[in-house]
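Trainee: I would be grateful for a close look at the sheet in this entry, with attention to how its strands pair and what packs on them.

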Amino acid sequence: MSDQPASAPSVVDARDTACPMPIIMLAKAAKGLAAGTEITVLATDLAARYDVPAWARMTGNDFVGESETDGGALALTVRLRS
């Protein structure tokens with residue numbers, strides 16, 4: 001269990017890192033967070049567009065969606081199930 005409520009957003013700033021770092025940072029951030037927590041990964045590595053949804057699928061979590069930040073980075077959001 002985590003002290004962080006499920007509704008608190010979490011952001012992983014993986015801008016200017018290359019594969020596999022955005023996924024490693026996401027997995028580390030997800031540890032111990034409550035089910036229902038949303039984590040947004042900010043990434044400039046275009047491979048993250050495919051890697052984050054794949055990580056969510058392989059770990060039993062939900063890929064919520066993708067958008068672009070004002071600075072041109074990808075913002076990829078997952079919702080934790082467990």
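Mentor: The following account goes through the sheet strand by strand and then turns to the helices. The model is a predicted one. Its open sheet consists of 4 strands with mixed pairing, arranged in the order β1-β2-β4-β3. The edges are formed by β1 (10-14) and β3 (62-68), each of which pairs on one side only. Between neighbouring strands of this sheet the average turn is 20°, with direction ignored.

Consider the edge at β1. Strands β1 and β2 run parallel and are joined by 5 bridges; within this pairing, Asp 13 has Leu 42 in β2 as its bridge partner. To pass from β1 to β2 the chain goes through α1, and the resulting β-α-β crossover is right-handed. The residues of β1 divide between two faces: Ser 10, Val 12 and Ala 14 lie on the covered face, whereas Val 11 and Asp 13 belong to the uncovered one.

At the other edge, β3 runs antiparallel to β4 (residues 74-79), and 6 bridges connect the two. Here Glu 66 is found opposite Leu 76 of β4.

Two helices remain to be placed. Helix α1 (residues 21-30) packs on the sheet through contacts with β1, β2 (38-43) and β4, and its direction makes about 155° with that of β1. Helix α2 (residues 48-59) also packs on the sheet, where it touches β2, β3 and β4; the angle between its direction and that of β4 is about 5°. Strands β2 and β4 are thus touched by α1 and by α2.

Key
Residues are numbered from 1 along each chain as its sequence is written. This is a predicted model: local features need pLDDT of at least 70, side-chain atom pairs count only at pLDDT 80 or more; totals for chains, interfaces and linings use all residues. Side-chain values use heavy atoms; hydrogens and water are left out. Two strands pair if DSSP finds at least two bridges between them. Axes are lines fitted to C-alpha atoms, for helices over the stretch in contact, and angles run from 0 to 180 degrees between N-to-C directions. Contact means heavy atoms within 4.5 Å. Buried means under 20% relative accessible area, exposed over 50%, partly exposed in between (1.4 Å probe, protein chains only). A crossover is right-handed if, with the strands pointing away from the viewer, the path from the first strand over the helix to the second runs clockwise.
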